[in-house]
Amino acid sequence: MVTMAAVTPVLAGDVAAYLKRRARWSPLEIAFWIFAFASIWLFPGKYLILKDTAILALFALSLDLILGYAGIISLGQAAFFGIAGYFAGLIAKYGIINEPIVALICAGAVAAALGFVTSFLVLRGSDLTRLMVTLGVSLMLGEIANRYANITGGADGLQGVDVAPILGRWRFDLYGHNGYVYCLIVLFVCFVIARRIVYSPFGLSLRSVKGNALRAAAIGVPVKWRLVAIYTVSAGFAGIAGALLTQTTAFCSLDVFSLERSADLLLVLIIGGTGYLYGGLIGAVIYKFLQDWISNLTPQYWQFWIGLVLVVIVLVGRERMAAWTVTVRAAVGLIGARAWSRVWPRSPARGGAAPDGR
Amino acid sequence: MDRRAVPILETIGLEKRFGGILAAQNVNLSVKKGARHALIGPNGAGKTTVINLLTGVLKPTAGRIVLEGRDITDTAPHERVRLGMARTFQINQLFLDLTPLESIGLVVSERLGSGADWWRLVGTKSAVIDEIVEIVERFRLGDVMHERTAILPYGKQRLLEIALAFACRPRVLLLDEPAAGVPEAERHELLATIEALPAEVTVLLIEHDMDLVFSFADRISVLVNGALFVDGAPDEVARDPRVKAVYLGEELDA
Amino acid sequence: MLTILFDGVAYGMLLFVLACGLSVTLGLMNFINLAHGAFAMAGGYCTVILVNRLGVPFALGVPIAFLVTALLGGLFERTLYVHVYARSHLDQVLFTIGLVFMSVAAVDYTMGSSQRFVQIPDALQGQFDVLGVGMGKYRLLIIVICGLLTVALQLTLAKTRFGSRLRAAVDDQRVARGLGINVGAVFGITFAVGSGLAGLGGALGAEILGLDPTFPLRYMIYFLIVVTVGGTSGLVGPFLASILLGIGDVAGKYYVPTLGAFVIYAIMIVVLIWRPQGLFARATAR
């Protein structure tokens, strides 16, 4: 008989507590959202760019769900962004649905339906075919939108979109105040949903599929159906982002389907990092800042600098970048946690959970 | 009727052809309930192919697989897990970025039906927690359960490999060379854990380590060139001169 | 109708010459080069400068475009691409998209954003009328040149030592290295030739495809469709895929103008549903 080294017993209470703590909103997260909402009062006059950032953040969040958590590379999120954008524009223009929030949900549902239908194609084949199919679908939709210019307005864009006030009370004003608050609240709601998904057993199964799809199937995970589900949800989020853009700008044009839009989205996510939900949000802020700054320097050739940034990021290496950002985040998190605990003392947290719950 | 006599897992004429190569031919395996059944054979004999066929990773070109009286030849791999069959891999197939706790928690959640639950957080069901604790303790992973799997020592990873399969609460557990690559210092823990597996779990074991095979198995099947060669109790197989010849590479007489 | 077939074949063969480099690159190094179209564009603009501005005869301008682009391809390969070979597909996609953006903006800056036309010699303008079928002279030239190139490529691949080294390296890189084949050199040369061919295609195709700074973006999807549908295990697959797509696109735009371009996307999706590895791919998936 072999003697074993003494093993400390595992307590159910400890495990339960650890799992709960893992999913708890970290001080840094709470600070982030407080700051985000405070921006409504802190930066008047910047509403338009803030609103664009919020929409981009939601769009990037949708990609993070499939890229960062399920490992699906897609160049075609623009398909869902665009189809919901046009849908929202058309139902507003023809007065079919007059309440923006209801219209938003319907547009998101349309995009999700498209996501569901195309998911079966996307999940077949290699990375390359996946890229092809996702890109192909969005370009195809752009082509359709172009051909049916009598409905969509073609290259000139969808005109005459008249969006009713939200809940009958808040009209979209010129300064963009109501528009920004609207987008920010929608972003927050979608974020909370995404967060629940990610910390749920479903989210855990997605991470297992991304890490080792073979083993995931071998432990009973129905891999294909989980991926279909997250792809559908992601499409819905992208659609909501697209509908938000149409509703707040009262306009929709063909570039919602463009390759540039999908590529810029990848860039946003690469800048911010994938797989921890805040990557899209942080990346969107940095991207918009970069865009603003570079556009002031060289308004016409913005694309060149974006291309250069992409090339440099890849050459430097995403892992190295991720390592830097992780270090920066950890440092900021540590400082933030210490400051927070001085403001609001709590019993010391046990080891294991990183500031953002990873 | 003696329930032990009815096989829990059977293959009937199982065959797998890769182009011109016959990786498995006419394999008729019969595993009794509660058995400790070992599948041995020289390298390249097709043992892992048989496991891949049993679990559905490969589709057979002919033959059937029957689990607890139910034909599962066309059942998808993840469905077979739900029907009570789980496996380990010869080379660890783990979730390197998850911790053992998360990995085991995942398997248990899937099994207890919360796998598709997207709203509730992991770990809010006490039934899931209790099972996680039981498995972590059984496989002696308590002191490493919060570490990333990628940085665990190999012996612990191998234990986790088996723990994940065990967490599926299979009625048939297929172990593909569990002791492979495990350093001497960590073998005892691994072997003791395998021996302590509950009696009602049927175990089909592929192994090269003859000590483990002969101390653990109550029935041995020998696979050579994709075909079942000898099948019987350990002492019968040990005494069979043909088995010795196959392992020592001597030509078989007609 | 036969005119459409003729035009479609011309278009398809042009697509093949443009895309074959991409197919071999993908099959050889498992490298997704979305910037392939940029080399085509380079060839087109090179010819524009040579023929329009410098007065070089067309017959000379096109081969020079091939050489210049091939050199450019080889240079880029050694200095930039080589760092990205071992990376994930996502990284390769990001990298090459970045290159595309840079090239589009650079060309826009230097050459302006309007469409450019190559001054085709008078001999090539107009068409022959053969048995009632109108065959554009220029398109006929394209068919002839591309046909010859295809034959030359296939012969090189099948009969020469370099070709067999290339095929070995495509089949199994590690084993090829083990046999002493200098896979790095093979790839460098192949990439240069592939880029050169893209440049040649761009030079020839400027008239038909429309040359402006957004060329790489507009045509990227076409090349990718050829490669996906045709597979990457040889030249036959992409060739047939190109012809199929060429005819499909031209016929589609003629018979169903409202949804013309739609046809090739539909073909792509149908093929990918039916055979995710492409119509002519090997059984062993990569």
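Colleague: In which hand does helix 2 of chain C pass helix 8 of chain C?
Modeller: This is a predicted model, where local features need pLDDT of at least 70, side-chain atom pairs need 80 or more, and totals for chains, interfaces and linings use all residues. Residues are numbered from 1 along each chain as written, with chains lettered from A and ligands numbered from 1 in written order. Handedness is right if the near helix is turned clockwise from the far one by less than a right angle, left if anticlockwise. Helix 2 of chain C passes helix 8 of chain C in a crossing that is right-handed.

Colleague: How are helix 2 and helix 8 of chain C oriented to each other?
Modeller: The axes (lines fitted to C-alpha atoms over the stretch in contact, angles 0 to 180 degrees between N-to-C directions) come within 6 Å and cross at roughly 50°. Angles under 35 degrees count as roughly parallel, over 145 as roughly antiparallel and 65 to 115 as roughly perpendicular, the rest as oblique. The two helices of chain C are therefore oblique.

Colleague: How many charged residues does the contact of helix 2 of chain C with helix 8 of chain C have?
Modeller: Among the residues that meet (C-beta atoms within 7 Å) are C:Phe39 and C:Gly43 in helix 2 and C:Gly199 and C:Ala203 in helix 8. With Asp, Glu, Lys and Arg as charged, the contact has 10 nonpolar and 8 polar residues, and the charged ones number none.

Colleague: Which helix of chain A has the lowest confidence?
Modeller: The mean pLDDT (confidence per residue, 0 to 100) of chain A is 84. Confidence is highest in helix 11, at 95, and lowest, at a mean of 66, in helix 15.

Methods
Helices (H or I, at least four residues) and strands (E, at least two) are DSSP runs, numbered from the N terminus. Two residues are in contact if their C-beta atoms, placed from the backbone, lie within 7 Å. pLDDT is the predictor's confidence in each residue, from 0 to 100.
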